[in-house]
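Hello,

Here is the structure I promised to hand over. Please take a look, then read my notes below.

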Amino acid sequence: MSLVQKKTTRKKTTQPETGVLVAPSLLSADFARLKDEVQAVEKAGADWLHLDVMDGHFVPNLTFGPILVESLQEHTQLPLDCHLMVSRPEDWIEPFARAGADVITVHAEATFHLDRLIHRIREAGCRAGVSINPGTNLGAVEEVLDQVDLVLIMSVNPGFGGQKFIPSTLDKVKRLASIRGDRSFLIEIDGGISSANAATARAAGVDVLVAGSAIFGAADRAKAIRDIRSKANGNTRSRR
Ligand code: DX5
Ligand code: ZN
């Protein structure tokens, strides 16, 4: 049973029949106008909103905590995809769940008890994601693939928006897609994603494309989302 009552009913976080999901990362938004920025990308066609939580310890940057998620959730129907780049994710599952997170993703490098943590995310009423940095082997998540709803492959070293995509991470996506079998987890990629690499990422097996600077930095966000989606969907068909 869920430990947490959600305040609102959100859109489903599953993959639509029609293909890839696009998740703008709020990290590249104008922080002085966050509500407007969120509503702008929702109107522009985003599927999820990606929220980068950084603690200044696991990554060399600080962003925001559950209070911001709670404030924003009233103003959008987008599923809230919370990416916890924090050293003690154990401390933050319930606070983010209570704040309105739909997906909570933790880093395999940040916990000794990944299996337990995934179960806690589920018990808190959220979808459970697990992420690995570019330098971390896929083996770090292999034993929990039956338990998760999402695997987030970092395609930059986490901490900052606007970094250069690391092409070798696509090989990791391909290997993950090849061992997925009939499990239902989604593969998400995060870091340096734009319309220039959306097709190769999708072809490798990605279901959810996170993009910060390529969307929030664009004058026309709707066009930026459309371009990423059409490049991605142009190359391969959805597997679900
Ligand atoms: C990096 C974050 C990403 C980042 C993506 O640590 O997890 O979500 O904001 O931004 P871009 O798309 O600009 O690389
Ligand atoms: Zn992220």
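Strand E2 gives three residues to the shell around ligand 1, the largest share. Keep in mind that this is a predicted model.

**The shell around ligand 1**

Which elements give two or more residues to this shell? They are strand E2 (49-54), strand E3 (80-85) and strand E8 (208-211). The shell has 20 residues, and five of them come nearest to the ligand: Asp-52, Gly-159, Asp-190, Gly-212 and Ser-213. By class, eight residues of the shell are nonpolar, 10 are polar and two are charged.

**Polar contacts of ligand 1**

Three of the nearest residues are worth opening in your viewer: Asp-52, Gly-212 and Ser-213.

- Ser-213 has a polar side-chain atom 2.5 Å from an oxygen atom of ligand 1.
- Asp-52 also uses its side chain: an N or O atom there is 2.7 Å from a ligand oxygen.
- Gly-212 uses its backbone instead, with an N or O atom 2.7 Å from an oxygen atom of ligand 1.

How much of ligand 1 does the protein bury? Taken alone, the ligand exposes 380 Å², and the protein buries 100% of that.

**The cavity**

Where does ligand 1 sit? The ligand is in the largest cavity. How many cavities of 30 Å³ or more does the structure hold? There is one. The volume of the largest cavity is about 200 Å³. Its lining is made up of 22 residues, and those closest to the centre are Leu-27, Phe-160, Gly-161, Asp-190 and Gly-191. Strands E2 and E8 each give two or more residues to this lining. By class, the lining divides into 10 nonpolar, 10 polar and two charged residues.

**Where to start**

Begin with Asp-190. This residue is listed among those nearest to ligand 1, and it is also listed among those closest to the centre of the largest cavity. Then turn to E2 and E8. Both give two or more residues to the shell around the ligand, and both do so for the lining of the cavity.

Over to you.

Best wishes

Terms used
Residues are numbered from 1 along each chain as its sequence is written. Chains are lettered from A and ligands numbered from 1 in the order in which they are written. This is a predicted model: local features need pLDDT of at least 70, side-chain atom pairs count only at pLDDT 80 or more; totals for chains, interfaces and linings use all residues. Side-chain values use heavy atoms; hydrogens and water are left out. A residue is near a molecule or strand if one of its heavy atoms lies within 4 Å of it. A polar contact is a pair of N or O atoms within 3.5 Å; within protein, one must be able to donate a hydrogen and the other to accept it, and residues adjacent in sequence count only if both atoms are side-chain atoms. Accessible areas come from the Shrake-Rupley method with a 1.4 Å probe; for residues, only the protein chains shown count as cover. On a 1 Å grid over the protein atoms alone, a cavity is a set of points where a 1.4 Å probe fits but cannot get out, and a pocket is an open set with protein on both sides within 12 Å along at least five of seven lines; lining residues have an atom within 4 Å of a point. A molecule sits in a cavity or pocket if more than half of its atoms lie within 2 Å of its grid points. Helices (H or I, at least four residues) and strands (E, at least two) are DSSP runs, numbered from the N terminus. Ala, Val, Leu, Ile, Met, Phe, Trp, Tyr, Cys and Pro count as nonpolar, Asp, Glu, Lys and Arg as charged, and the others, Gly among them, as polar. Grid points are joined across faces, edges and corners, and a volume is the space filled by probe spheres set on the points.
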